[in-house]
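Colleague: I am new to this structure. Please take me closely through one part of it, and keep the sentences short.

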Amino acid sequence: MLGMAVVAIMMSLNFLACSDDEKADSYADLIVGTWEETGAFADIHIFNKNGSYTYQDEDEGSRPLTGTWKVTGDKLYISVSLLGGIERELVIRELTSTTLVWYDYEYETETTLTRVK
């Protein structure tokens with residue numbers, strides 16, 4: 001009986017681990033594209049399939065920042081090489097084919113983006 005309980009627990013943990021991997025894979029597929037912030041700023045975020053990332057401030061005269069991105073579970077990590085390197089950890093609250101909403105715990109802000117292409 002104890003052996004069966006251990007097997008049941010192991011299978012449950014395995015199932016949960018797979019669902020996070022599948023979520024990360026689907027998020028990674030959905031996030032590829034060009035997104036524009038809605039609200040006060042119109043900043044552009046470009047997530048390329050190869051893991052490269054570009055950020056363009058709404059001020060067209062500013063120089064774009066480049067870096068990398070990755071998804072792990074419901075977390076989005078964006079790294080840019082500014083001032084020796086900055087990595088942001090964002091929690092994906094919503095991601096559809098047209099809308100991306102993330103929460104930044106460090107700054108306590110929620111950002112909504114709309115897919116441009």
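Modeller: What follows is a walk through the strands and the salt bridges that link some of them. Keep in mind that this is a predicted model.

Start with the overall frame. Eight strands form a closed barrel in the order 1-2-3-4-5-6-7-8, and the pairing is antiparallel. On average, neighbouring strands of this sheet are turned by 35 degrees against each other, direction ignored. Strands of a sheet pair through backbone hydrogen bonds, either parallel or antiparallel.

Now take strand 1, residues 33–37. Is it enclosed or open? Four of its five residues are buried, so strand 1 is largely enclosed by the rest of the structure. The cut-off matters here: buried means under 20% relative accessible area.

Strand 1 has a partner in strand 2, residues 44–47. The two run antiparallel and are joined by four bridges. One of the residue pairs is Gly33 with Phe47, the latter in strand 2. Six residues lie between the strands of this hairpin. Among them, look at Gly39: its phi is positive, near 105 degrees.

Strand 1 also pairs with strand 8, residues 109–115. That pairing is antiparallel too, over three bridges. Here Glu36 stands opposite Thr114 of strand 8.

Next, go to strand 4, residues 65–72, and find Thr68 there. How accessible is Thr68? Its relative accessibility is 44%, so Thr68 counts as partly exposed. Which residues does Thr68 touch, apart from neighbours within four places in sequence? The contacts are Gly51, Ser52, Tyr53, Tyr77, Ile78 and Ser79. Thr54 gives a useful distance: the C-alpha atoms of Thr68 and Thr54 are separated by 8.0 Å, though the residues are 14 apart along the chain.

Move on to strand 6, residues 86–95, and strand 7, residues 99–104. They run antiparallel, with four bridges between them. Leu95 stands opposite Leu100, which belongs to strand 7.

A salt bridge spans these strands as well. The side chains of Asp104 and Arg88 meet at 2.3 Å, N to O. Asp104 lies in strand 7 and Arg88 in strand 6, so the pair ties together parts that are 16 residues apart in sequence. Are these two residues buried or exposed? Asp104 has a relative accessible area of 6%, so it is buried. Arg88 is at 18% and counts as buried. The linkage also takes in Glu106: Arg88, Asp104 and Glu106 form a network of salt bridges.

How many salt bridges does the structure hold? There are four. One of them joins Glu110 and Arg93, with the closest N and O atoms 2.8 Å apart. This pair links distant parts of the chain, with Glu110 in strand 8 and Arg93 in strand 6, 17 residues apart. Glu110 is at 45% relative accessibility and counts as partly exposed. Arg93, at 44%, is partly exposed as well.

Lys75 and Asp74 form another salt bridge. Their closest N and O atoms are 3.8 Å apart. Lys75 has a relative accessible area of 26%, so it is partly exposed. Asp74 is at 27% and is also partly exposed.

To retrace the route on the model, begin at strand 1, which is largely enclosed. Then follow its antiparallel pairing to strand 2 and to strand 8. Finish at the network of Arg88, Asp104 and Glu106.

How values were computed
Residues numbered from 1 in each chain as written. Predicted model: local features only at pLDDT ≥ 70, side-chain atom pairs only at ≥ 80, totals over all residues. Heavy atoms only, no water. Buried < 20%, exposed > 50% of the residue type's maximum accessible area, 1.4 Å probe, protein only. Contact = heavy atoms within 4.5 Å. Pairing = 2+ DSSP bridges. Axes fitted to C-alpha atoms, helices over the stretch in contact; angles between N-to-C directions.
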